[in-house]
Amino acid sequence: MSTVTWITARGLFGRSRFLMLLPLPLVLIGLAVLCRSLGVDPGQWGPPVLVGLGLAVVLPVVALIVGTGVLGAEIDDGTVVHILTKPLPRWQIVLPKLAVAAGVTAVTVGVPIYVAGVLADSVRLGLALVVASAAGALAYSALFLALSLVTRRPVLLGLVYVLIWEGLLGRFVGGTRVLSIQQWVIALADRMAPTPLLGTTVSVPVAAVLTALVAVGFTVLAIDRLRSFSVAGETS
């Protein structure tokens, strides 16, 4: 598993798509620092920066880029053949890749969201956002990793989920929030550091259970789907 982890990390950091991870976190930090330096009331800039940008855009987009890239890119360029020919159980391929995807996403998002949380409210809020974002990173990564194995357009479908389901429907149709990873992250963060800057109608027990179910369920789906791949890297 350590070999697969190393290959995945090296491939991820060696691809140009990794550079796509940097602009959004920098924008998040920049906006938080700018608002704080100008003396803007955190009640005015906190929700749109922390939730509207940080949890609704930066977290899912970074997870989408990384989650679809740790295995999807290898399928596209054919290098997945080298992994599939090794006598490894499929779970020993999927789990390290999921760990890399979730870890990279959590770190990439955790640093700027912590800084923004501290500037908006307190260290406690910053830490709560980091922990909740890490849980969200795992759920998003499992979802997008599975998508890269079940469709040839995982990025497109991932954007549909993030922009349409979580963004558009989640804003205007209250019932869809129960099935929104973004809302689960908000609920978990708000439980650890209650603040008027965060707000959701999803209960914490529901958020915790569904986050775990999504992470486990889509991981199992990815493992099962990878078992159906032939040496050519295509499903049989």
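**Figure 1. Surroundings of leucine 179 in the loop between helix 8 and helix 9.** In this predicted model, leucine 179 touches Tyr161, Trp165 and Trp184, not counting residues up to four places away in sequence, where contact means heavy atoms within 4.5 Å. Leucine 179 counts as partly exposed at 48% relative accessibility, a class that lies between buried (under 20% relative accessible area) and exposed (over 50%), computed with a 1.4 Å probe on protein chains only. The C-alpha atoms of leucine 179 and leucine 210 are separated by 8.0 Å, although the two residues are 31 residues apart along the chain. Residues are numbered from 1 along each chain as its sequence is written, and side-chain values use heavy atoms, with hydrogens and water left out. Because this is a predicted model, local features need pLDDT of at least 70 and side-chain atom pairs count only at pLDDT 80 or more, while totals for chains, interfaces and linings use all residues.

**Figure 2. The protein chain as a succession of helices.** The secondary structure of the protein chain comes to 10 helices and 0 strands, these being DSSP runs numbered from the N terminus (helices: H or I, at least four residues; strands: E, at least two). Along the sequence the pattern reads α-α-α-α-α-α-α-α-α-α. Of the 236 residues of the protein chain, 47% count as buried, and among contacts between residues at least 6 apart in sequence, 74% join residues at least 24 apart.

**Figure 3. Helix 2 (residues 23–37) and its buried side.** The buried residues of helix 2 are Pro25, Leu28, Ala32 and Cys35. They cover an arc of only 105 degrees around the axis, which puts them on the same side of helix 2; the arc is that of the directions from the helix axis to the C-beta atoms. On the other side of helix 2, Leu26 and Ser37 are exposed. Helix 3 (42–67) and helix 6 (91–120) are included in what covers the buried residues of helix 2. The end C-alpha atoms of helix 2 are 21 Å apart, in agreement with the 21 Å that its 15 residues should span at 1.5 Å a residue, the expected span being 1.5 Å times one less than the number of residues. Just after helix 2, glycine 39 takes a positive phi of about 75 degrees.

**Figure 4. Lysine 97 and alanine 101, two residues of helix 6.** Lysine 97 counts as buried at 0% relative accessibility, and its side chain reaches the backbone oxygen of valine 70 at 3.1 Å. Alanine 101 likewise counts as buried, at 0% relative accessibility. Alanine 101 is in contact with Val66, Gly67, Val70 and Ser141, leaving aside its neighbours within four places in sequence. Alanine 101 and valine 70 are 31 residues apart in sequence, and their C-alpha atoms are 6.7 Å apart in space.

**Figure 5. The largest nonpolar core, with 63 residues.** A nonpolar core is a set of buried Ala, Val, Leu, Ile, Met, Phe, Trp, Tyr and Cys residues joined through side-chain atoms within 4.5 Å. Val66, Leu129, Phe144 and Ile181 touch the most other members of this core. The elements that give two or more residues to the core are helix 2, helix 3, helix 6, helix 7 (123–150), helix 8 (154–172), helix 9 (181–192) and helix 10, and the largest share, 14 residues, comes from helix 7. Leucine 129 is in contact with Leu50, Leu55, Ile113, Gly117, Ala189 and Leu198, leaving aside its neighbours within four places in sequence.

**Figure 6. Helix 10 (residues 204–227) and threonine 219.** The buried residues of helix 10 are Ala207, Leu210, Thr211, Val214, Ala215, Thr219, Ala222, Ile223 and Leu226. Threonine 219, with a relative accessible area of 10%, touches Val94, Leu95, Leu98 and Ala142, not counting residues up to four places away in sequence. At 1.5 Å a residue, the 24 residues of helix 10 should span 34 Å, and its end C-alpha atoms are 35 Å apart, which agrees.

**Figure 7. Spans annotated as "transmembrane region" in an unreviewed UniProt entry.** According to this record, the annotation covers residues 49–73, 94–119, 125–147, 154–174 and 202–223; such annotations may be inferred rather than shown by experiment. Over residues 154–174 the chain is 90% helix and 0% strand, with end C-alpha atoms 26 Å apart. Residues 202–223 are 91% helix and 0% strand, and their end C-alpha atoms lie 30 Å apart.

Key. A polar contact is a pair of N or O atoms within 3.5 Å; within protein, one must be able to donate a hydrogen and the other to accept it, and residues adjacent in sequence count only if both atoms are side-chain atoms.
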